[in-house]
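These are my notebook entries on one structure. I record what I looked up, entry by entry.

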Amino acid sequence: MKTANLLLNGTITVACLIFFYQTFHFPMLFGIEDSGPALFPRIALAALLLFVIIDSAVIIRKRDGEFFFTKEERGNLW
């Protein structure tokens, strides 16, 4: 399960970086350079990226080897 979580975190990281790059191409009104329509998406993407990095660090540091689901829960999934 660690591998799947890390792959998902990597996918989210790549998507965040692509979307963050796209925010630099938003149309801006003349004379407004510090805030505009790209301010909120940049803050939201930066926060999401921060949480993904924290989650990845926790997943990598955790080395107890326990599964996400117990045997009984995995049996009930099917």
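**Entry 1: Overall layout**

I began at the N terminus and read the order of elements in the protein chain as α-α-α. I then counted the elements by kind and found 3 helices and 0 strands. I noted that the model is a predicted one.

**Entry 2: Confidence**

Because the model is predicted, I looked up the pLDDT, which is the predictor's confidence in each residue, from 0 to 100. The protein chain has a mean pLDDT of 81, and 76% of its residues reach 70 or more. I then asked which helix has the highest confidence and which the lowest. Helix 1 (residues 2-22) is highest, at 91, while helix 3 (residues 71-77) is lowest, at a mean of 72.

**Entry 3: Surface and contacts of the chain**

I looked up how much of the protein chain is buried: 10% of its 78 residues count as such. The protein chain exposes about 6,800 Å². Carbon and sulfur atoms supply 70% of that exposed area. For contacts in the protein chain with a separation of 6 or more, I found that 61% come from residues 24 or more positions apart.

**Entry 4: Aromatic rings**

I searched the whole structure for aromatic pairs and obtained 1. The pair consists of Phe20 and Phe24, whose ring centres are 5.5 Å apart. Their planes stand at 80°, so I recorded the pair as edge-to-face. The cut-off I needed here is that planes over 60 degrees apart count as edge-to-face. I also checked Phe20 for accessibility, and at 29% relative accessibility it counts as partly exposed.

**Entry 5: Phe26 in the loop**

Where is Phe26 found? I located Phe26 in the loop between helix 1 and helix 2. Phe26 counts as partly exposed because its relative accessibility is 32%. Leaving aside residues up to four places away in sequence, I listed Pro37, Ala38 and Pro41 as the residues that Phe26 touches. For Ala38 I also noted the distance: Phe26 and Ala38 are 12 residues apart in sequence, and 6.4 Å apart in space from C-alpha to C-alpha.

**Entry 6: Two residues of helix 2**

I turned next to helix 2 (residues 39-61), in which Leu50 is found. Ser56 lies in helix 2 as well. Is Ser56 buried or exposed? Ser56 is buried, because its relative accessible area is 16% and buried means under 20%. Not counting residues up to four places away in sequence, Ser56 touches Leu6 and Asn9. Leu50, by contrast, counts as partly exposed, at 48% relative accessibility.

**Entry 7: A nonpolar patch**

Finally, I looked up which residues make a nonpolar surface patch with Leu50. Phe51, Ile54 and Val58 join Leu50 in this patch. I entered its area as about 400 Å².

Methods:
Residues numbered from 1 in each chain as written. Predicted model: local features only at pLDDT ≥ 70, side-chain atom pairs only at ≥ 80, totals over all residues. Heavy atoms only, no water. Patch = residues over 30% accessible without salt bridge, like charges linked within 9 Å, V, L, I, M, F, W, Y side chains within 5 Å. Areas by Shrake-Rupley, 256 points an atom, 1.4 Å probe, with all protein chains shown as cover. Salt bridge = Lys/Arg side-chain N within 4 Å of Asp/Glu carboxyl O. Helix = DSSP H or I, 4+ residues; strand = E, 2+ residues; numbered from the N terminus. Buried < 20%, exposed > 50% of the residue type's maximum accessible area, 1.4 Å probe, protein only. Contact = heavy atoms within 4.5 Å. Phe/Tyr/Trp six-rings, centres within 6.5 Å; stacked < 30°, edge-to-face > 60°.
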